[in-house]
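The following explanation proceeds step by step through one part of a molecular structure. Please keep the sequence and the coordinates at hand while reading.

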Amino acid sequence: MKQIDLHIHSSASDGTDSPAEVVRKAGALDLAAVAITDHDTVAGCAEAAAEGQKLGVEAVSGVELTSRYGRTIHILGYYLRTNSPVLTRTLDRIISERDERNRKMARMMAADGIAIDYDEMKSRFGSSIGRPHFGRVLVEQGLAESVQDAFDRYIEKGQRYYLPRWMLSIERSVEVIREAGGVPVLAHPFQYKLEESALRQLIEHCMDHGLLGMECRYSLYDEEQSQYLLALAKEYGLVPTGGSDYHGANKPHLALGSGTGQLCVPAAWLEPLRALATSTKMRP
Ligand code: AMP
Ligand code: ZN
Ligand code: FE
Ligand code: FE
């Protein structure tokens, strides 16, 4: 049985492999399909799809939207029409709000004598720039030992250069994905450290706005956790998805396709996911 990986970051956000490189590596691993789910951008999807066509690997369009629900929740979207006007408008707003926050962070660092140029970061890192990119620059400047160290000492909430950024509400995240013909999926449900009743509330709230799936297999979850999530998804009638959260060299402990070693997402999960997308159906 072939496998797939539906949670991948490319160099269009904070991964290090280009979208085409991701697809080539997936082909070498004999994966049947991948989805590039970059943070707040679909800029890598077309390149992945083109490479996938060449190699016979399905490259599903995807996105991961950082969303506000008291705390931060991630919503994945699959099989989107990446040229949907509402999606484009929404992602443009998120990126411009990111840019505004990032420019302020860069100015705060520059005021302390750190050699940092946000325009240069834009041309080097591409569309969706976030604190992980600042982490890399701080490491390069010799101001931190690792990106994690940079977070701990400079850019984590509460540290000197941290600034919050505007986020889409969770309702809008789910709705916009639906409006773009895609399938909204609750990402890595255990990462929010919610009690079961609160997790159920979150699921039900998202379902009220059109949630259709839940990520049940994830690099950091063991079989018991996956079975728990699969049962929950079944109870709510949500389709299961799964993926590694591969970020290339930025998270070297997470391997494409296999996560920390035991990840296994069957290719059979793709069909029910695709069946829910309206962007792949004939449109009148
Ligand atoms: P941003 O959206 O620019 O505020 O950056 C958020 C991203 O930074 C998240 O998606 C994480 O990948 C990463 N991040 C957040 N907190 C930490 C942390 N303490 N250590 C390492 N990475 C983090
Ligand atoms: Zn990331
Ligand atoms: Fe995430
Ligand atoms: Fe992710």
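Both Glu-64 and Asp-245 are buried. The model that contains them is a predicted one. Glu-64 and Asp-245 are among the protein donors of the iron ion (ligand 4), which also include His-7 and His-9, each through NE2. The glutamate contributes an OE atom and the aspartate an OD atom, and the donors lie 2.1 to 2.2 Å from the iron ion.

What is the arrangement of the four donor atoms around the iron ion (ligand 4)? Their angles run from 80 to 165°, which makes the arrangement irregular. A tetrahedral assignment would require all angles to lie between 85 and 135 degrees. For orientation, the ideal angle for four tetrahedral donors is 109.5 degrees.

Along the sequence, the donor residues of the iron ion (ligand 4) follow the spacing H-x1-H-x54-E-x180-D. Glu-64 belongs to strand β3 (residues 58-69), whereas Asp-245 sits in the loop between β8 and α10, so this pair ties together parts that are 181 residues apart in sequence.

The second metal is the zinc ion (ligand 2), and 4.8 Å separate the iron ion (ligand 4) from it. The zinc ion (ligand 2) is coordinated by two OD entries of Asp-14, by NE2 of His-39 and by NE2 of His-247, at 1.9 to 2.6 Å. Here the four donor atoms subtend angles of 52 to 134°, which makes this arrangement irregular as well. The donor residues of the zinc ion (ligand 2) are spaced D-x24-H-x207-H in sequence. Two of them link distant parts of the chain: His-39 lies in the loop between β2 (33-36) and α2 (45-55), and His-247 in the loop between β8 and α10, 208 residues apart. His-39 and His-247 are both buried.

His-247 merits a closer look. The loop that holds His-247 runs between β8 (239-243) and α10 (270-276). Is His-247 buried or exposed? With a relative accessible area of 2%, His-247 is buried, because the limit for that class is under 20%. A polar atom of the His-247 side chain lies 2.8 Å from the backbone oxygen of Asp-245, and Asp-245 is itself a donor to the iron ion (ligand 4). Leaving aside neighbours within four places in sequence, His-247 is in contact with His-9, Asp-14, Gly-15, Thr-16 and His-39. Among these contacts, His-9 is a donor of the iron ion (ligand 4), while Asp-14 and His-39 coordinate the zinc ion (ligand 2).

Key: Residues numbered from 1 in each chain as written. Chains lettered and ligands numbered in written order. Predicted model: local features only at pLDDT ≥ 70, side-chain atom pairs only at ≥ 80, totals over all residues. Heavy atoms only, no water. Helix = DSSP H or I, 4+ residues; strand = E, 2+ residues; numbered from the N terminus. Buried < 20%, exposed > 50% of the residue type's maximum accessible area, 1.4 Å probe, protein only. Polar contact = N/O pair within 3.5 Å; in protein donor to acceptor, adjacent residues only side chain to side chain. Contact = heavy atoms within 4.5 Å. Donors = N, O, S within 2.8 Å, 3.2 Å for Na, K, Ca; no water. Tetrahedral: all angles 85-135°; square planar, octahedral: opposite > 155°, others 65-115°.
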